[in-house]
Amino acid sequence: MEIITESLRKFNTFGLDASSKGIIAINSEQDLFDFLVQGLSPAKILGGGSNILLTQDLDAYILKNNIKGIEVVDEDADQVIVKVGAGESWHQFVLWALSHNLGGLENLSLIPGSVGAAPMQNIGAYGVEQENIFHSLNAIHLDTGVRKTLFKSECKFGYRESVFKNELYSQFFITHVSYILSKRNHVLHLEYGAIKDVLLNNNITEPSIRDISDAVIEIRQSKLPDPKKIGNAGSFFKNPVIHLSQYQDLKIKYPDMPSYPVDLQTVKVPAGWLIEQAGMKGFTIGSIGVHKLQALVLVNYGGGKGKDLWQLALDVQSKVRDKFNIIIHPEVNIW
Ligand code: FAD
Ligand code: NAP
């Protein structure tokens with residue numbers, strides 16, 4: 001087992017510098033067992049580093065997940081169950097599915113990171129969440145080394161939430177995730193306005209799953225800062241879900257406030273709009289800031305410090321709370 005001591009800078013999409021007790025590549029379940037028998041602790045699990053904010057040097061070992069493999073484990077005339085190594089790139093998995101005309105992942109195109117992190121926050125975009133196609137996952141308990149299979153109901157998926165962000169936080173190393181993908185009669189999700197607009201612009205009236213993926217990629221590339229050019233971790237905050245009565249009061253004061261009904265009692269308000277209205281869109285201090293086109297994205301223009309980004313996040317949160325009496329919660333994992 002090799003323990004590498006180098007900065008975590010190139011292991012996180014914010015491009016932040018931090019040290020650790022050492023980085024260990026986990027290429028197989030056996031590598032993980034080899035680590036666990038050493039009794040080294042504590043350990044943190046790292047995928048692509050696209051949803052973490054390093055606020056300090058870490059007094060922990062970093063288990064860099066590289067477990068690979070994509071395998072069809074069951075199928076019938078309509079669908080397949082695909083078991084994927086948690087260290088596979090999520091977007092490469094999406095492309096693999098498209099190349100086999102397997103549906104279900106297309107709206108989730110171009111999300112950075114690894115397959116193993118997808119259940120962690122139940123990744124979602126353009127009206128689809130990974131729980132829509134999730135079958136089960138395999139995980140290993142970090143304290144006991146016991147293998148466990150968790151099915152959908154046990155994962156307690158919610159909006160950017162799961163049991164792994166709550167009661168099982170940091171307890172399990174996810175090694176494989178299995179998804180159910182359609183072979184035919186694909187169910188298409190076209191309700192997000194931007195997807196419809198792109199398809200219309202490209203004169204596509206009967207889209208294939210590939211057309212939807214292409215549309216999502218086009219929208220994402222036009223709107224989101226590329227972490228290879230500007231350090232970021234995507235949306236820093238979750239969109240708040242507020243009670244209908246609070247929404248109705250706010251709507252009188254702010255008639256332009258966008259919103260999406262969640263159920264009969266609650267409404268989702270885009271956090272990006274709240275941050276913009278609170279005057280923070282494009283705010284820059286030193287080499288960090290709030291992105292000038294996407295207020296939901298905090299950025300490191302280069303050389304910024306994680307602790308300053310965290311302070312900026314708290315300032316953004318206070319500004320939104322003071323103006324709207326709404327608390328926006330980070331989506332990004334704070335390390
Ligand atoms: P990491 O950042 O490495 O880890 C995130 C958390 O998961 C950590 O707590 C880590 O310990 C834990 N973890 C990672 N792997 C495992 C494992 N194998 N077992 C147990 N725990 C694990 N997210 C969305 O939901 N939708 C989007 O549309 C979206 N767009 C994005 C766009 C950009 C430009 C960026 C930078 C990020 C975006 N994200 C989005 C956030 C991010 O890509 C996802 O959350 C992604 O799933 C993180 O994967 P990762 O491998 O990089 O996780
Ligand atoms: P957008 O299209 O500008 O819309 C702003 C917000 O409004 C989105 O966050 C979305 O909520 C919500 N929304 C828009 N249309 C909706 C509809 N028809 N029904 C319900 N909610 C709707 O958003 P964006 O920032 O460009 O992102 C587009 C999609 O990619 C979103 O789904 C977003 O979550 C996802 N994304 C996520 C990250 C991340 O890091 N988590 C980063 C980039 C993009 P939802 O977020 O709940 O979908």
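A polar contact is a pair of N or O atoms within 3.5 Å; inside the protein, one of the two must be able to donate a hydrogen and the other to accept it. In the predicted model described here, the side chains of Q121 and E331 are joined by such a contact, at 3.1 Å. Q121 belongs to the loop that runs between α2 (90-99) and β7 (124-125). With a relative accessible area of 8%, Q121 is buried, since the limit for that class is under 20%. Apart from residues up to four places away in sequence, Q121 touches N51, R160, E161, K165 and E331.

Q121 also takes part in the surroundings of ligand 1. An N or O atom in the Q121 side chain lies 2.9 Å from an oxygen atom of this ligand. Two backbone positions add further polar contacts: a polar backbone atom of N51 is 2.8 Å from an oxygen atom of ligand 1, and a polar backbone atom of G124 is 2.8 Å from a nitrogen atom of ligand 1. On its own, ligand 1 has 990 Å² of accessible area, of which the protein covers 94%. There are 31 residues around ligand 1, and I45, G47, S50, S114 and R220 come nearest. At least two residues of the shell come from each of β2 (43-46), β7, β11 and β12.

The second ligand is surrounded by 18 residues, of which R160, Y192, S235, K268 and E331 come nearest. E331 is thus among the nearest residues to ligand 2 and is also the partner of Q121 in the side-chain contact described above. R160, likewise among the nearest residues to ligand 2, is one of the residues that Q121 touches. For Y192, an N or O atom of the side chain is 2.5 Å from an oxygen atom of ligand 2. The side chain of Q294 approaches an oxygen atom of ligand 2 with an N or O atom at 3.1 Å, and a polar side-chain atom of Y260 is found 3.4 Å from a nitrogen atom of the ligand. Ligand 2 exposes 790 Å² when taken alone, and 80% of that is buried by the protein. The shell around ligand 2 draws at least two residues from each of β7, α5 (209-223) and β12 (231-235). Strands β7 and β12 are also named among the elements that each supply at least two residues to the shell of ligand 1.

Aromatic contacts were examined next. A pair of aromatic rings is described by the distance of the centres and the angle of the planes. The structure holds 13 aromatic pairs. In one of them, F134 and F157 have ring centres 4.9 Å apart and planes at 75°, so the arrangement is edge-to-face. F134 is part of strand β9 (134-141), whereas F157 sits in the loop between α3 (152-155) and β11 (172-182), so the pair ties together parts 23 residues apart in sequence. Both partners are buried: the relative accessible area is 3% for F134 and 14% for F157. F134 pairs with Y179 as well; here the centres are 6.1 Å apart and the planes meet at 80°, so this pair too is edge-to-face. It links strand β9, which holds F134, to strand β11, which holds Y179, across 45 residues. Y179 is buried, with a relative accessibility of 0%. F134, F157 and Y179 form one aromatic cluster together with W90, F93 and W96. Elsewhere, a charge is placed over an aromatic ring: the charged end of K44 sits over the ring of W335, 4.7 Å from the ring centre.

Two further positions were considered. H91 is located in helix α2 and is buried, at 14% relative accessible area. Its side chain reaches the backbone nitrogen of L110 at a distance of 2.8 Å. When residues up to four places away in sequence are not counted, H91 touches S109, L110, I111 and I217. I204 occupies the loop between α4 (193-201) and α5. With a relative accessible area of 24%, I204 is partly exposed, because the class covers values between the 20% limit for buried and the 50% limit for exposed residues. Neighbours within four places in sequence aside, I204 is in contact with L199 and D211.

Terms used
Residues numbered from 1 in each chain as written. Chains lettered and ligands numbered in written order. Predicted model: local features only at pLDDT ≥ 70, side-chain atom pairs only at ≥ 80, totals over all residues. Heavy atoms only, no water. Phe/Tyr/Trp six-rings, centres within 6.5 Å; stacked < 30°, edge-to-face > 60°. Helix = DSSP H or I, 4+ residues; strand = E, 2+ residues; numbered from the N terminus. Buried < 20%, exposed > 50% of the residue type's maximum accessible area, 1.4 Å probe, protein only. Lys NZ or Arg CZ within 6 Å of the ring centre and 35° of its normal. Contact = heavy atoms within 4.5 Å. Near = heavy atom within 4 Å. Areas by Shrake-Rupley, 256 points an atom, 1.4 Å probe, with all protein chains shown as cover.
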